[in-house]
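Colleague: Thanks for sitting down with me. Could you take me through this model and tell me how you arrive at each label?

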Amino acid sequence: AVFDRIDAVEEKVKAYVTLTRERAFARAQEIDRKIAAGEAIPPLAGIPVAIKDNICTRGIRTTCSSKMLYNFVPPYNATVVEKLEAAGTVMVGKTNMDEFAMGSSTENSGFFATANPWDPERVPGGSSGGSAAAVAAGEAITAIGSDTGGSIRQPAAFCGVIGLKPTYGAVSRYGLVAFASSLDQIGPFTRDVTDCALMLNAISGHDPLDSTSAPGDVPDFTSCLKDDVKGLKIGVPREYIGEGIDPAVKEVVGQALKLLASLGAEIEETTLPHSRYALPAYYLIATAEASSNLARYDGVRYGYRAEDARDVVDMFMKTRSRGFGPEVKRRIMLGTYALSAGYYDAYYLKALKVRTLIKQDFDRAFEKFDVLLAPTTPTPAFKRGEKMDDPLQMYMSDICTLAVNLAGIPGISIPAGFVNGLPVGMQLIGKPFDEGTLLRVAYTFE
Ligand code: GLN
């Protein structure tokens, strides 16, 4: 049914870079055989899943939607891919994204743009826009994305689906092509909260192959799905409902708060005073890490290589000049500058200090509250092309999601309503490793 749907709408949506149809049918038949033979089947047996194209899949092209990696076929699977296979899911294909996950609209893909299934004139968000659009359009039942500054939650909000960024370290990053290693985290897109809990069960857990992966047991997240928020303390940070947030978005979030209050949640305004520094701190730290992570694309080890070079330095230069798109180049230049002698203390080190202050804001808020609630994005999905000439405007569309990555805490975006026929997302932010409470609150809205 998912492939029938792909045949019907993919031409318009363009969610996928690669489809793995034959492989998917072969795996589905394998599961059918097991069922027919009366064998036990794993919990997500046969569930079609789409994987963002920055997550390594053995024998299947993994491009990061970059010309630099247009022909890169990984010899190994990311840990999440291994875990999803073990859980029985069937991979449908690899989804389109902003090149190397840098962007908020999927328009920075080195190949083509993806449409928002609700309105093809609008962006699906980014950078995991292909994954969000695939789930929203019924071209997959669930999908996997990565979130460095909002890249799961923002497209989930724009496409009217659920998107969860787990606590840093909760899900292994082994096999995720690194953008900003201290911020990157893998998470699921789903249509409902139960599926989100099931996916989180499948992908979480310690991995010796990722040194930042957290030790400890993983709970069964479906046990958190109690229809009960009575007595729960929910904080609404005033910095997230102030200037720059579309009043219509505030109205939708306000309605959700009323519902939670009527169910017995205790709601109070609170403050995260360093919020306004999240964007500059993020764009210094993320670009610094990216400039270092992307140094490996030199034409020697992976993907594209310029063939017409005079010598090795010329080969590096031609390969990188042609292989990377404009946004990736901008980030490499910004990051290199921020890390360079004389500027390191003024920019990079300062940004790290601000990061600590932002983390402390959350620590303080969570002394009092169980969950924080805010819009996921300042506006619903914007028009294609609208922000492409203005990088700062594009960066601003992540203003509500960036701080969560800087603090390493979990955040989920759930559909909260509509403005002019476009979905609006609401974000729940939790304590480290308390995804369970986020799912519990989210479940109230089903
Ligand atoms: N839009 C943000 C950026 O461009 C976040 C991207 C992401 O989370 N991968 O950096």
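Modeller: Happy to, and bear in mind that this is a predicted model. Let me begin with strand 10 (residues 411–419) and strand 11, which run antiparallel and are joined by eight bridges.

Colleague: What makes strand 10 and strand 11 a pair?

Modeller: Pairing takes at least two bridges. Strand 10 and strand 11 have eight, so they qualify as a pair. Two of the partnerships are easy to find: Ser 413 stands opposite Gln 427 in strand 11, and Pro 415 has Gly 425 as its bridge partner there. The two strands form a hairpin with two residues between them, where Asn 420 takes a positive phi near 50°.

Colleague: Which other strands pair with strand 10 or strand 11?

Modeller: Strand 9 (residues 371–375) pairs with strand 11 in the antiparallel sense over five bridges, and Pro 375 has Met 426 as its bridge partner. On strand 10, three bridges come from strand 5 (residues 162–165), again antiparallel. Leu 164 is matched there with Ile 412. Three bridges meet the requirement of at least two, so strand 5 and strand 10 count as a pair.

Colleague: Why is strand 11 called largely enclosed?

Modeller: Because eight of the nine residues of strand 11 (residues 422–430) are buried.

Colleague: And what makes helix 4 largely enclosed?

Modeller: Helix 4 (residues 129–136) is enclosed by the rest of the structure because eight of its eight residues are buried. Among them are Gly 129, Gly 130, Ser 131 and Val 135. After the helix comes Gly 138, with a positive phi near 75°.

Colleague: Which residues does UniProt mark as "active site"?

Modeller: The unreviewed UniProt entry places that feature at Lys 52, Ser 127 and Ser 151. These residues are spread over 100 residues of sequence, yet they cluster in space, with a largest C-alpha distance of 11.0 Å.

Colleague: How do you know that Lys 52 is buried?

Modeller: The cut-off is 20 or more other C-beta atoms within 10 Å. Lys 52 has 32, so it is buried. Lys 52 sits in strand 2 (residues 48–52), and its contacts include Thr 95, Met 97, Ser 128, Gly 130 and Ser 131.

Colleague: Is Ser 151 buried or exposed?

Modeller: Buried: Ser 151 has 36 other C-beta atoms within 10 Å, so it passes the cut-off of 20. Ser 151 lies in the loop between strand 4 (142–147) and helix 5 (153–159). Ser 151 touches Ala 101, Gly 126, Ser 127, Ser 128, Gly 145 and Ser 146, leaving aside residues up to four places away in sequence.

Colleague: Which residues come nearest to the ligand?

Modeller: Of the 13 residues around the ligand, the nearest are Ala 101, Ser 104, Thr 148, Gly 149 and Ser 151. By class, the shell has four nonpolar, seven polar and two charged residues.

Colleague: One last item: what makes strand 7 and strand 8 parallel partners, and which unit do they belong to?

Modeller: Strand 7 (residues 233–237) and strand 8 (residues 266–270) pair in the parallel sense over five bridges, and Lys 233 stands opposite Glu 266. With helix 7 (residues 247–262), the two strands make a β-α-β unit, which is right-handed. It earns that word because, with the strands pointing away from the viewer, the path from the first strand over the helix to the second runs clockwise.

Conventions: Residues numbered from 1 in each chain as written. Predicted model: local features only at pLDDT ≥ 70, side-chain atom pairs only at ≥ 80, totals over all residues. Helix = DSSP H or I, 4+ residues; strand = E, 2+ residues; numbered from the N terminus. Near = placed C-beta within 6 Å. Nonpolar A, V, L, I, M, F, W, Y, C, P; charged D, E, K, R; others polar. UniProt positions renumbered as here; feature names shortened; annotations may be inferred. Buried ≥ 20, exposed ≤ 12 C-beta atoms within 10 Å, placed from the backbone. Contact = placed C-beta atoms within 7 Å.
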